[in-house]
Amino acid sequence: MNGLKEALAKTLNGGKIDAAVVAKKNNIIYLVVSGAGKISLKKDGNNITVLESPNEEIIGASGKDNNDSFILTTSGLEKTVVFSKASWLKKFLPKKDLYLRPQTFGLTIPGEVKNHKQLITTVLVLLFLIWAVYRQVSYRLENDAGVKLDKAIVKAEEQIKTAKELAVLNRPLARETLENEKKNFVGIALPKAKEMVAKIDAQINILMQKFSAEPVLYYDFSLIKEGSTSGSGVYMDGKLFFLDQNSGTLLSLNTKTKSAAPVVSDEKFKTAKFISAHSDRVYLYTNDGIYRTNDNKKVLMVKPDPKWQEIIAMESFGGNLYLLDKKANQIWKHVSTETGFTDARPYLNPDTKVDFSNSATLGIDGSVYTLLTSGELLKFTQGRSDALTLTGADKPIISGGGLAISDSLKNIYIYDSENNRVVVFGPDGLYISQYIFLEPANIPLSGNEQASRRGSEPTIPSQLVARRLISGTYSSIFVDETLQKIFLLNGAKVYSVELK
């Protein structure tokens with residue numbers, strides 16, 4: 001107001017001039033008059049005088065803008081002044097910002113567009129403004145994200161150290177700690193985040209004890225029994241017994257010396273579906289019953305029992321025989337006597353109800369275990385269900401294809417045929433490690449090696465041919481923790497993998 005008065009006084013330069021001035025700033029109306037000047041407010045069709053100078057001096061007044069019309073009057077002159085509301089664009093693009101001055105770009109405020117060219121120019125300026133704001137916001141967000149990421153990385157480094165210490169007591173819990181920490185970085189495109197994910201993954205693999213292994217051809221039973229292609233096997237005290245179903249011949253392999261020899265042969269053994277062993281005796285389950293072989297002799301020990309319905313596995317423990325009956329949902333026990341074995345007795349207590357329709361095989365270490373094709377392992381002790389949950393593996397066993405468990409093994413070994421791996425669990429069901437099998441190169445032995453195994457004259461070395469095994473084709477697994485080896489049976493071929 002004072003500035004407006006001073007400006008008017010300088011303009012008048014001491015003279016007596018009629019003047020009326022109205023101005024607006026920050027939504028406030030300023031009125032100044034001098035001489036006979038007068039300012040009226042137009043309200044509801046009437047003119048209301050709001051300011052005039054009684055002594056013809058310079059006086060002023062001010063008030064809030066209500067979109068009123070002002071009538072300025074001097075000697076013989078009259079002018080109506082209306083302050084229209086500033087458009088949103090004028091507020092957003094003040095003229096003091098030289099790089100966005102409307103006159104610089106020929107900008108026309110919306111509502112005042114006179115032609116299409118002006119409209120296009122306006123739209124382009126708006127798009128430029130939106131882009132500029134977006135870049136500014138993006139920069140701030142990236143900067144904030146970078147700060148948060150640095151803090152997260154520091155925390156993750158501490159968690160990795162914690163997990164390493166925790167792994168001594170509980171590796172699954174240590175892995176879970178790192179898995180949760182990894183979630184903080186997954187999906188972040190920044191290089192630092194990707195590096196941290198890779199670092200956490202590497203530590204998880206160490207904690208998981210995941211080993212990639214290429215099974216090596218350990219022995220081929222067809223070298224001592226030509227035509228051997230398939231059969232069952234059992235492992236006992238460093239010896240692997242293999243039943244060649246084509247010829248009905250039981251063969252043995254000393255896994256320490258790799259020396260093999262026939263044990264006994266019989267036409268009836270061609271129907272043998274599976275075998276088990278105890279002490280120096282091997283038992284064969286055939287259509288005629290269960291035979292015992294030792295000292296190159298064979299004796300029918302158990303005739304087919306009326307209680308048997310669909311036997312899919314047999315194990316020998318403590319001199320007794322255990323048969324897994326898939327259809328009867330029972331494990332039959334034949335107790336050893338001085339003259340042979342008793343008739344089939346149910347191992348499971350009457351109140352123990354189970355479903356063996358998806359069972360795959362049997363294992364015994366004092367307790368009795370049944371592996372289901374789903375990968376679930378059932379445990380029974382003294383005929384009753386004994387809680388056992390397999391925990392800690394990075395992913396569940398999809399298809400139980402083989403089981404190695406006995407009183408001579410510290411751990412439980414399960415072959416997951418779907419994922420072509422052997423997963424190792426402790427006796428409490430807690431995950432220990434796993435061996436993921438690469439498809440092995442099956443390279444035949446040379447002519448001299450074949451001859452030395454057969455005891456014949458050396459032949460011309462055959463060309464080495466690499467063939468690939470399809471995942472999940474191993475029919476049985478055997479483990480020797482003393483030799484630190486996993487043995488895999490595929491047809492008549494035995495493959496081995498080193499235990500870590």
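In this predicted model, L127 has its place in helix α4, which covers residues 116-166. The protein as a whole has 7 helices and 32 strands, and of its 500 residues 42% count as buried. The accessible surface comes to about 27,800 Å², with 51% of that area belonging to carbon and sulfur atoms. Among contacts between residues at least 6 apart in sequence, 48% join residues at least 24 apart.

**Surface patch**

- L127 belongs to a nonpolar patch on the surface that also takes in I120, V123, L124 and I130, and together these residues have about 480 Å² of accessible area.
- As background to the spacing of such residues, an α-helix has 3.6 residues a turn, so residues three or four places apart point the same way.

**Nonpolar cores**

- In soluble globular proteins, nonpolar side chains tend to be buried together.
- The largest nonpolar core here has 28 residues, and those with the most contacts inside it are F185, L377, L403, I412 and I414.
- Helices and strands both feed this core, since at least two residues each are supplied by α4, α5 (171-182), α6 (191-208), β23 (368-372), β27 (412-416) and β28 (421-425).
- Of these elements, α6 gives the most to the core, with 7 residues.
- A second core, of 18 residues, lies apart from the largest one and includes F211, L409, Y474 and L499.
- L403, when residues up to four places away in sequence are not counted, touches T361, L362, G363, Y369, L371, L377, I412, Y413, I414 and I477; among these, L377, I412 and I414 are also listed with L403 as residues with the most contacts inside the largest core.

**Helix α5 and its salt bridges**

- Helix α5 has 12 residues and reaches 16 Å from its first C-alpha to its last, which is close to the 16 Å expected at 1.5 Å a residue.
- The buried residues of α5 are P172, A174, R175, T177, L178, E181 and K182, a list that holds charged side chains as well as nonpolar ones.
- One of the 16 salt bridges found in the whole structure joins the side chains of E181 and K155, at 3.0 Å from N to O.
- This pair links distant parts of the chain, with E181 in helix α5 and K155 in helix α4, 26 residues apart.
- The two partners differ in burial: E181 counts as buried because its relative accessibility is 4%, whereas K155, with a relative accessible area of 42%, is partly exposed.
- A salt bridge within α5 brings together the side chains of E179 and R175 at 4.0 Å from N to O, and these residues are 4 apart, about one turn of the helix.
- Here R175 is buried, with a relative accessible area of 12%, while E179 is partly exposed at 28%.

**A salt-bridge network**

- The side chains of D394 and K210 meet in a salt bridge of 3.1 Å, N to O.
- This pair also links distant parts of the chain, because D394 lies in the loop between β25 (384-385) and β26 (400-404) and K210 lies in strand β8 (residues 210-213), 184 residues apart.
- Both partners are partly exposed, D394 with a relative accessible area of 31% and K210 with one of 30%.
- K210 and D394 belong to a network of salt bridges that also links D416 and R421.

**H334 in strand β20**

- H334 is found in strand β20 (residues 330-334), where it is buried, with a relative accessible area of 1%.
- Leaving aside neighbours within four places in sequence, H334 is in contact with V302, D305, W308, N320, L321, L323, F341, T342, D343 and A344.
- The C-alpha atoms of H334 and Y347 are separated by 9.2 Å, the two residues being 13 apart along the chain.

**Positive phi outside glycine**

- K258, a residue other than glycine, has a positive phi near 60 degrees; K258 is placed in the loop between β12 (249-254) and β13 (259-265) and is partly exposed, with a relative accessible area of 31%.
- Q484 likewise is not a glycine, yet has a positive phi of about 60 degrees; Q484 is found in the loop between β30 (476-480) and β31 (485-490) and counts as partly exposed at 33% relative accessibility.

Conventions:
Residues are numbered from 1 along each chain as its sequence is written. This is a predicted model: local features need pLDDT of at least 70, side-chain atom pairs count only at pLDDT 80 or more; totals for chains, interfaces and linings use all residues. Side-chain values use heavy atoms; hydrogens and water are left out. Patches are made of residues with over 30% relative accessible area and no salt bridge: like charges are joined within 9 Å, nonpolar side chains (Val, Leu, Ile, Met, Phe, Trp, Tyr) within 5 Å. Accessible areas come from the Shrake-Rupley method with a 1.4 Å probe; for residues, only the protein chains shown count as cover. A nonpolar core is a set of buried Ala, Val, Leu, Ile, Met, Phe, Trp, Tyr and Cys residues joined through side-chain atoms within 4.5 Å. Buried means under 20% relative accessible area, exposed over 50%, partly exposed in between (1.4 Å probe, protein chains only). Contact means heavy atoms within 4.5 Å. The expected span of a helix is 1.5 Å times one less than its number of residues.
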